[in-house]
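I opened this notebook to record what I looked up in one model. The topics are enclosed space, aromatic rings and one helix.

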Amino acid sequence: AILGAHEFGHYYACRYYGVDASLPYFLPVPLPLTGTLGAFIRIRQQIPTKRALFDIGIAGPIAGFVVLIPVLMIGMYMSQVIEVPKNFDGAVYELGEPLLFKAVAWLTFGAVPEGYTVNMHPVAFAAWFGMLATTLNLFPIGQTDGGHVSYAVLGRYSTFLSFGTLAGLVGLSFVSMSWVVWTVLMTAMLIVVGPTHPTTIDEHVPLDRSRLWLAGFALAMFVLCFSPVP
């Protein structure tokens with residue numbers, strides 16, 4: 001539902017602007033925790049204006065975010081606080097906690113005592129995975145959703161932000177090995193398609209104030225969903 005809402009946000013924004021796009025494709029992969037690598041749509045033509053590019057780029061993260069919040073609240077309600085057994089040496093998945101996750105956990109359980117942990121219900125994990133997907137999409141690099149938004153806001157200067165973001169990902173890879181794959185993928189994207197975002201016909205026309213506020217909201221979503229050690 002979270003990934004589908006994200007991609008349908010892009011899809012319906014494309015339909016609104018008359019941009020030819022496919023319905024969402026989901027990527028089923030037999031991973032032990034998620035069963036998927038996410039979803040995507042195929043946009044079959046160049047997006048003509050910055051306004052259309054911005055709206056199409058940001059519609060997905062906002063739609064997914066709107067769905068993952070109630071999913072997170074429901075999943076946290078169905079989760080439990082349990083005591084961590086002493087000398088525990090069994091298999092355990094320990095996940096990084098984004099600010100949004102911490103906030104909903106605190107609202108649900110209050111302060112978790114030392115020696116206890118939140119045993120996540122699968123629905124809560126789905127929301128956590130949705131937050132991770134939102135974070136990855138909002139990195140302002142190349143032609144990710146965040147890259148589309150940053151180009152619409154900054155124009156050609158977004159290329160410098162792409163390189164700065166890539167440097168940040170390299171730094172994060174030294175903090176947590178979780179980031180290595182994403183760093184390699186983003187590097188490959190910049191090499192294959194180039195670091196410069198495709199231009200629009202109105203590249204030098206600034207965005208209106210309401211969309212600049214939405215760009216700030218996209219940054220807030222990134223901060224709320226980001227975990228330095230996923």
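The entries below follow the order in which I looked things up.

**Entry 1: enclosed space.** I note at the outset that this model is predicted. I searched for internal voids and found one cavity of 30 Å³ or more. I recorded a volume of about 40 Å³ for the largest cavity. I then listed the lining of the largest cavity: P98, W128, M131, L132, T135, W179, C225, F226, S227 and P230. I asked which element supplies the largest share of this lining. I found that helix 4 (residues 122-138) does, with four residues. By residue class, I counted eight nonpolar and two polar residues in the lining of the largest cavity, and no charged ones.

**Entry 2: aromatic pairs.** I obtained eleven aromatic pairs for the structure. I examined F139 and F222, and I classed the pair as edge-to-face because the ring centres are 5.1 Å apart and the planes stand at 80 degrees. I located F139 in the loop between helix 4 and helix 5 (145-154), and F222 in helix 8 (residues 209-225). The pair thus links distant parts of the chain, 83 residues apart. I looked up the accessibility of each partner: F139 has 5% relative accessibility and counts as buried, and F222, at 17%, also counts as buried because the limit is under 20%.

I next took W179 and F226, whose ring centres lie 5.8 Å apart with planes at 20 degrees, so I entered this pair as stacked. I placed W179 in the loop between helix 6 (158-175) and helix 7 (180-193), and F226 in the segment after helix 8. These two residues are 47 apart and again link distant parts of the chain. W179 counts as buried, at 2% relative accessibility. I noted that W179 and F226 also appear in the lining of the largest cavity. I further recorded that ring pairs link F139, W179, F222 and F226 into a cluster.

**Entry 3: helix 8.** I recorded 17 residues for helix 8 and a reach of 25 Å from its first C-alpha to its last, close to the 24 Å expected at 1.5 Å a residue. I listed the buried residues of helix 8 as R211, A215, A218, M221, F222 and C225. How are these buried residues arranged when seen down the axis of helix 8? I found that they fall within an arc of 110 degrees, so they line one face of the helix. On the face turned away from the buried side of helix 8, I entered the exposed residues R209, W213 and L219.

Notes. Residues numbered from 1 in each chain as written. Predicted model: local features only at pLDDT ≥ 70, side-chain atom pairs only at ≥ 80, totals over all residues. Heavy atoms only, no water. 1 Å grid on protein atoms, 1.4 Å probe; cavity = no way out; pocket = protein on both sides within 12 Å on 5 of 7 lines; lining within 4 Å. Points joined across faces, edges and corners; volume = space filled by probe spheres on them. Nonpolar A, V, L, I, M, F, W, Y, C, P; charged D, E, K, R; others polar. Phe/Tyr/Trp six-rings, centres within 6.5 Å; stacked < 30°, edge-to-face > 60°. Buried < 20%, exposed > 50% of the residue type's maximum accessible area, 1.4 Å probe, protein only. Expected span 1.5 Å × (residues − 1). Arc of directions from axis to C-beta.
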